[in-house]
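Morning, everyone. Please look at the sequence and the model on the screen before I start.

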Amino acid sequence: MSKSASGSDSGPGQDSSAVTLDSLRADIDSIDSQIHALLNRRAQCAQQVAEVKTREFEAAQSFETGSDSSSAQQLLFYRPEREAQVLERVKAANTGPLSDDTVAFIFREIMSACLALEKPMEVAYLGPEGTFTQAAALKHFGHAVISVPQTTVDQVFTQVESGQCNYGVVPVENSTEGMVSHTLDAFMNSSLQICGEVELRVRLHLLVAGGDSQDIKRICAHQQALAQSRLWLDANFPNVERVAVSSNGEAARIAAGESGTAAIAGDLAAQQYNLAKVASDIEDRPDNTTRFLVIGKEGVQASGRDKTSIVVSANNRPGALFNLLEPFQRANVMLTRIDTRPSRTETWTYVFFIEFEGHRDDPEIAAILKELADRSVMCKILGSYPKAAL
Ligand SMILES: O=C(O)C(=O)C[C@]1(C(=O)O)C=C[C@@H](O)C=C1
């Protein structure tokens with residue numbers, strides 16, 4: 001058997017009755033030194049990557065003399081397609097005992113720290129602090145990002161459009177409650193692109209600042225959280241007043257300042273406002289998941305495991321929807337969602353939000369998109385982006 005990292009014979013994989021706590025800790029110290037040195041080597045590589053990107057960007061700019069600067073390309077440090085590939089690669093290469101998800105989370109944070117050395121990213125999210133949208137932003141970008149709360153979905157869009165923030169994160173769909181229609185509507189009037197998606201298992205808890213469950217006189221939560229835990233509330237607090245507020249984070253903030261008021265919110269809000277859990281995981285459906293979209297100004301290159309979202313409207317004729325979907329069926333492209341919204345331009349006309357597997361630059365997807373443009377009244381590509389890797 002080979003020697004352990006410290007050079008002693010008492011490393012991982014040895015007969016545990018023969019090793020001592022001291023020798024194992026010596027191994028861990030030695031391994032930590034190696035990890036530490038490698039992390040800093042990786043960080044130096046990322047700094048060099050930033051220099052190369054800047055050099056290449058400046059060379060391209062000087063080549064395009066006379067181009068309109070407002071339409072010019074941005075210098076992009078954040079590369080979602082590369083991050084998705086790194087996360088997929090470490091998961092595929094993982095041999096344990098750490099789980100695939102655990103190694104992916106660790107590498108998520110490593111890349112987050114490396115990206116912050118290249119350029120600190122500011123990410124707008126639907127606040128206040130402690131919302132699931134903030135949790136989604138941190139899950140996607142890691143904790144080295146600067147997360148900036150906004151009061152509405154529209155404000156998240158505006159912050160990114162104006163360049164105040166580099167990216168934004170907005171909720172788009174919940175497995176229990178369906179689409180977040182406001183977010184879909186915001187896309188209709190925006191030139192922003194979808195750069196990524198985040199899925200978050202939403203665990204809801206009943207939280208209080210102090211006291212016990214007997215003292216609870218009212219329960220505050222976002223209306224979606226109230227709906228997602230309705231059966232549990234009916235069974236456990238049937239006579240307690242339920243108050244819908246603007247977000248779970250806001251509910252937690254109120255509960256932190258009022259005795260007798262409880263909040264329904266997640267772990268991040270509980271930590272942020274120092275609340276105690278009266279009951280954990282009170283959501284009625286154990287698979288309660290919310291999907292969020294990452295929005296930015298620039299498109300994302302293909303990662304090899306991508307999705308595309310479009311919004312399309314057809315003539316109000318029999319077979320119009322079939323006509324739009326037929327090219328997907330012919331090319332055997334998997335649809336992952338289809339949703340209908342009123343068009344808002346004419347009564348009883350509709351637009352369809354369609355999501356499917358593949359990237360707009362893939363030849364077969366490009367051919368479908370061209371066909372859709374010919375068959376529809378309007379076809380807007382909201383973005384091609386890597387499938388959620390975490
Ligand atoms: O490969 C790059 O383009 C990098 O900037 C390096 C790196 C990384 O740490 O791996 C960091 C940020 C990018 O979003 C993608 C990857």
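I'll go through the ligand shell, two helices and the domains.

Some ground rules. This is a predicted model: local features need pLDDT of at least 70, side-chain atom pairs count only at pLDDT 80 or more, and totals for chains, interfaces and linings use all residues. Residues are numbered from 1 along each chain as its sequence is written.

Start with the ligand. Which residues surround it? They are Ala46, Val49, Tyr78, Arg79, Arg82, Glu83, Val86, Met111, Cys114, Leu115 and Glu118. Near means a C-beta atom, placed from the backbone, within 6 Å. By class, the shell has seven nonpolar, no polar and four charged residues. Here Ala, Val, Leu, Ile, Met, Phe, Trp, Tyr, Cys and Pro count as nonpolar, Asp, Glu, Lys and Arg as charged, and the others, Gly among them, as polar.

Which helices supply the shell? α1 (21–63), α2 (80–93) and α3 (100–118) each give at least two residues. The largest share, four residues, comes from α3. Helices (H or I, at least four residues) and strands (E, at least two) are DSSP runs, numbered from the N terminus.

Now α2. At 1.5 Å a residue, its 14 residues should span 20 Å, and its end C-alpha atoms are 20 Å apart, so the two agree. The expected span is 1.5 Å times one less than the number of residues. Pro80, Glu83, Ala84 and Leu87 are buried in α2. Down the axis, these buried residues fall within an arc of 100°, so they line one face of the helix. The arc is taken over directions from the helix axis to the C-beta atoms. Buried means 20 or more other C-beta atoms within 10 Å of its own; exposed means 12 or fewer; partly exposed is in between; C-beta atoms are placed from the backbone. On the face turned away sit the exposed Ala92 and Ala93. The buried side packs against α3, β5 (193–201) and β15. Contact means C-beta atoms, placed from the backbone, within 7 Å.

Next, α12, residues 363–375. Ile365, Ile368 and Leu372 are buried there. Their arc is within 60°, so they line one face of α12. Pro363, Lys370, Ala373 and Asp374 are exposed on the other side. The cover over the buried residues includes β12 (306–313), α11 (320–330) and β15 (378–386).

Last, the domains. The chain is divided into domain 1 (205–287) and domain 2 (300–390). Those bounds come from an automatic or database domain assignment. Their C-alpha centres lie 39 Å apart.

Note on methods:
Contact = placed C-beta atoms within 7 Å.
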